Amino acid sequence: MPVFRADLHVHTVLSPCGDMEQSPRAVVKAAKNKGITLLGIADHNASENVPACVEAARRAGSVTVIPAVEVASVEEVHILGLFPNPADLGAMQGKIHQRLGDDKNVPEKFGYQVIVDHRDNVLGFNDRFLLAATDMDVDTAVRYIREYGGFAVAAHVDRPAFSMTSQLGFVPPAPTFDAIEVSRFADPGEYVDLGYAVIRSSDAHLPGEVGAAYTELELEEPTYDELIMALRGEGGRKVVGYSPTIKVMA
Amino acid sequence: MKVKDLVKKADLSVLVEGDLDVDVEGAYVSDLLSDVMANTEAGGVWITIQTHTNIVAIATLNELAAIVISSGKEPADETLERAREEGVNVLGSADPSFEVAGKLYKLGIKG
Ligand SMILES: [Zn+2]
Ligand SMILES: [Zn+2]
């Protein structure tokens, strides 16, 4: 079975902390250059740029976009929801809108939240405060992601902020989530005892970071369904490797 | 001072009763469980607005005397059930963490 590289956690200009260069075309191009075939587009509590990224990827060829969103729970734990198509993601997005406060973004302080098309033309701005937490606790957020047909991944569990580990002390063993994600700084092997598939992604906010961390998967073809089979360990599809671990000084 | 004295004097509710005769050795306020894990010791009372089941694990790990859930937050059933299983004292207060901490401090409990 062929091996594909997946970077399933990449932000766009819609995230206030995302670089202004992080447009759909730039993200797709960077992924292509790095040999990333499965590209998860996940902005903070929002997903308006997913359609543009899907279209940019279709035009560029060789990259498949996985529609996704990075939900902030009430405990400020980040959870990735991966979805089979933009429509199912849209249903989850509706729930996030309901559960996110009414606060408005202050672009001068937090950054612009830009909605664009696949040619990188600006269509408008999301005016909600997307860096806020929703009022869903972790278990509720996971329940909704699953209910709307998605796959729930505890994001960057090794990181000192906005992770299960930092906010809630540790990652409970399966099946609280469907999989867990580590950053380029952690050894995925340290997490296997928890009983989850472990992915590694870049959490890129700049084009230069796209594909800086990835998961290698054996799949028949690079599709959402095949990806999920691999993460569930079904049909011989599986995770076979990762980008290198970056050692940091303690 | 024992946990049961604290309940009475600081006007706390008992959400889950473990052993209310445990001695209180100090108190700590934090909502980051990684921070609580690193900075609390046996006999400590932990004041927080977190309600996830993981709070019970932290309390048992560090042998805390009690968890006080402030601001009237209601823990999920799963959290209460886990606390019952583990015999962890879970107390509640309608007051925010600052007020709860103030009451405890006045009662002579120091960090
Ligand atoms: Zn995050
Ligand atoms: Zn992120």
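**Notebook: chain A and its contact with chain B**

I began with the overall form of chain A, and since a compact globule of 250 residues would have a radius of gyration near 18 Å, the 17 Å I looked up for chain A agrees with that expectation. I note here that I am working with a predicted model.

Next I looked up the extent of chain A, and I found that its C-alpha trace spans about 45 × 40 × 40 Å along the principal axes. For secondary structure, I counted 7 helices and 11 strands in chain A.

I then turned to the interior of chain A, where 56% of the 250 residues count as buried. When I took the contacts in chain A between residues at least 6 apart in sequence, I found that 69% of them join residues at least 24 apart.

My second topic was the interface. I found that chain B and chain A bury about 850 Å² between them, and that 53% of this area lies on carbon and sulfur atoms. On the side of chain B, I noted that B:Q50, B:H52 and B:N54 lose the most area to chain A, together making up 51% of what that side buries. I also saw that α2 (33-39) and α3 (54-61) of chain B each supply at least two residues of the side that touches chain A. Sorting the residues of that side of chain B by type, I recorded 5 nonpolar, 4 polar and 2 charged.

The contact as a whole takes 11 residues from chain B and 11 residues from chain A. Finally, I checked for pairings across this interface, and I found 0 salt bridges by the rule, whereas 4 residue pairs are in polar contact, with both residues at pLDDT 80 or more.

Conventions: Residues numbered from 1 in each chain as written. Chains lettered and ligands numbered in written order. Predicted model: local features only at pLDDT ≥ 70, side-chain atom pairs only at ≥ 80, totals over all residues. Heavy atoms only, no water. Contact = heavy atoms within 4.5 Å. Buried area = accessible area lost by both parts, 1.4 Å probe. Salt bridge = Lys/Arg side-chain N within 4 Å of Asp/Glu carboxyl O. Polar contact = N/O pair within 3.5 Å; in protein donor to acceptor, adjacent residues only side chain to side chain. Helix = DSSP H or I, 4+ residues; strand = E, 2+ residues; numbered from the N terminus. Nonpolar A, V, L, I, M, F, W, Y, C, P; charged D, E, K, R; others polar. Rg over C-alpha atoms; globule rule 2.2 N^0.38 Å. Buried < 20%, exposed > 50% of the residue type's maximum accessible area, 1.4 Å probe, protein only.
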